[in-house]
Amino acid sequence: MSGVNLSGIVKAYGAVEVVHGINLDVAEKEFVVLVGPSGCGKSTTLRMIAGLEEITAGNLMIDGRRMNRIAPKDRDVAMVFQNYALYPHLNVADNMAFGLRIRKMPKAEIATTIADVAEILGLTNYLERRPADLSGGQRQRVAMGRAIVRHPKVFLFDEPLSNLDAKLRTQMRAEIKRLHNRLGVTSIYVTHDQVEAMTLADRIVVMNDGAIEQVGTPMELFNHPANTFVAGFLGSPPMNQMKGVLTEHGAKIGDTEIKFDGFANGQAGRDVIVGIRPEHVTLAAGEQTSALPIELDLVEPLGSEALLHARFGNDNVVFKADTKGDIQHLSGVGEVYVPAPLIKLFDAETGHALNAKG
Amino acid sequence: MMNWNLYSRGDKFFAIVVSVLIGMFTVATLYPFIYIAAVSFSSGFAAQAGKVVLTPIDATLEAYGYIIKDPQFWISYRNTFIYTIGGTLMSLAFIIPGAYALSRRQLKGRRFLNLFVAFTMWFNAGLIPFFLNMRDLNLLDSMFGIILAFAVNAFNIILLRNFFEAIPQSFEEAARMDGANDFQVLWKVFIPLSKPAIATITLFCIVSRWNGFFWAMVLLQSEEKIPLQVFLRHTIANLSDNDEFAIVQTDAAFSAETVTAAIIVCSIIPVLIVYPFIQKYFEKGILLGGVKE
Ligand SMILES: Nc1ncnc2c1ncn2[C@@H]1O[C@H](COP(=O)(O)OP(=O)(O)OP(=O)(O)O)[C@@H](O)[C@H]1O
Ligand SMILES: [Mg+2]
């Protein structure tokens, strides 16, 4: 089988285990994004795949070959570093040619390869420049060019856009996606930016504390988070999570009962966490909606939408409302509505989703 | 030019004090050079009589004429070049890979090895054991012995090691991903990035080799192997013992003192020529730009 295959991958520094047995299959040509909070082991996992970090236990296969003890240079993977790591003493062309020269590619072939890649990345006019004389975005492109020229089996990216400003980041994000569509190289991409994860990924891997919380397509993870961690991590603002108790016809949060049928059969009294996505609420009642009485606290207009900061019982909640640009009429709002089928329930103790599909 | 209006009273006072101190320091370091040069071009009598202060008195080239006729001068001059170039190359061949190895995290027992190297900076075997060691290694009176024995210097290794350690780890990792082995990482990435540090070390090596005197005197017996500094010392000893020079006549064109000064001037010239070329490598900031901070 092609692609990258991790089974039971463990990383320990001395007695401290930081990655606890990760299992993951990345299919050929797939774009997989690892997300998670700082320190959860994303970089460590990526660096183990690269060969820059020794694998403590488990198996790493690339293209069907066991790679645990293979040197980075023989794994046929290329990596784009967060700080780019361009060789400061070499110009753009030589930076990209570095790996090709070491691999003894014939001169003429190097020249055409570099010209091609420079063309793709819009670097043709900068080939003679040193990294110090390039803008952040151009350096970023050179770093990608250095990976692309080698035609590796796998691209690894460690937060490649985190040093760019917001606008450039959006632009480069699209460029990376386009490149991937064009080159079709298996890619593993680390970020802690959930927007990058959602937009780039074929599949997202959410990590926390050295373990995988959930793997799935962006929409699967968004619509059906496996637990409260994933629910709280993806989405901006994140899902509102409120402690409650199941009743015959819904759940009671504090003194308020919100109604949704078809779940709680026979489980009344169970402690749960009720999850409501900010963007799922509406200002008007509709079919199958449950009403949520709120005390409006603050309104942040975002253009055609607005963020409503409010109190719901004892919880602080944030909702996103479609206002069509008019926020005047929001001041009197005392109730919002959420479609009952979109309400998520999680076990209060384990945090596991109770009504997750699949 | 300084715009004095931009300085407060206190700043002006400070600037003046600093300028005076630097001026005094400059004179103190420059004067010996000027004095020696002036003596070397003066007549033997004037020098001996203590008349030379700043400029040559009874200007003459006799002292230079005396030394360039001495074949031993040319032999030892050549030897100094051999010791300097050979010794510096030998030093770099040991120091660069040594410093690189000691700077790598993956080196097993790195702390101990670093301590081991630093230890030699504070403690060494001492004169006699070192001499006996050289004798037993059959390196007495050997040009190669001189080149080899002083090749490794803990201070230079530590200096370069610190510079290597400051180079971001990701350069090494990028090179490894690009397919480089250890040797290629060192040769194609670390050495080019360390030019300023290597230039500094090269200069240290050159200067210490060029001026090397004591051990050359102790370890070398054959005249045809001695460096310029030892030749200088022999000359001083010979001339002061020599009757011909013992009493300086009023018309003496050169004396022990002017000949000594002339040899010193000759030995300084190459250093003066080389220094500006090396100095331009003392550039900082070659690391800027490759890594985004
Ligand atoms: N050399 C090391 N020795 C000991 N612990 C380490 C070492 N390198 C990393 N760790 C630990 O491993 C854990 C995972 O680190 P890692 O760099 O993979 O996090 P990350 O998910 O990439 O975080 P970030 O988003 O901040 O980059 C952290 O808790 C970190 O402290
Ligand atoms: Mg990281």
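**Entry 1: two helices in chain B**

I started with helix H8 (residues 154–166) and helix H11 (residues 195–211) of chain B, whose axes come within 10 Å and cross at roughly 175 degrees. Angles over 145 degrees count as roughly antiparallel, so that is how H8(B) and H11(B) lie to each other. I keep in mind that this is a predicted model.

Next I looked up who meets whom. From H8(B) I noted Asn156(B), Leu159(B), Leu160(B) and Phe163(B), and across from them in H11(B) are Ala197(B), Ile201(B) and Phe204(B). Sorted by class, this contact of H8(B) with H11(B) has six nonpolar residues, one polar residue and no charged ones.

**Entry 2: helix H9 of chain B**

Is helix H9 (residues 169–177) of chain B largely enclosed or not? I found that eight of its nine residues are buried, so the rest of the structure largely encloses H9(B). My list of buried residues in H9(B) runs Ser170(B), Phe171(B), Glu172(B), Glu173(B), Ala174(B), Ala175(B), Arg176(B) and Met177(B).

What covers the buried residues of H9(B)? Included in the cover are helix H1 (42–50) and strand E6 (77–80) of chain A, along with helix H10 (182–193) of chain B. I also noted Gly179(B), just after H9(B), with a positive phi of about 105 degrees.

**Entry 3: chain B as a whole**

I stepped back and tallied chain B: 15 helices and zero strands. Of its 293 residues, 29% are buried. I then checked the contacts in chain B between residues at least 6 apart in sequence, and 71% of these join residues at least 24 apart.

**Entry 4: where chain A touches chain B**

I counted 24 residues from chain A and 21 residues from chain B in the contact. On the side of chain A that touches chain B, E6, helix H2 (92–102) and helix H4 (136–148) each supply at least two residues. H2(A) gives the most to this side, with three residues. By class, the same side of chain A has 15 nonpolar, five polar and four charged residues.

**Entry 5: a hairpin in chain A**

Last, I turned to strand E17 (residues 305–312) and strand E18 (residues 315–322) of chain A, which pair in the antiparallel sense over eight bridges. Which residue of E18(A) does Leu308(A) stand opposite? I found Phe319(A) there. The hairpin of E17(A) and E18(A) has two residues between the strands, and in it Gly313(A) takes a positive phi near 60 degrees.

Methods: Residues numbered from 1 in each chain as written. Chains lettered and ligands numbered in written order. Predicted model: local features only at pLDDT ≥ 70, side-chain atom pairs only at ≥ 80, totals over all residues. Buried ≥ 20, exposed ≤ 12 C-beta atoms within 10 Å, placed from the backbone. Helix = DSSP H or I, 4+ residues; strand = E, 2+ residues; numbered from the N terminus. Contact = placed C-beta atoms within 7 Å. Axes fitted to C-alpha atoms, helices over the stretch in contact; angles between N-to-C directions. Parallel < 35°, antiparallel > 145°, perpendicular 65-115°, else oblique. Nonpolar A, V, L, I, M, F, W, Y, C, P; charged D, E, K, R; others polar. Pairing = 2+ DSSP bridges.
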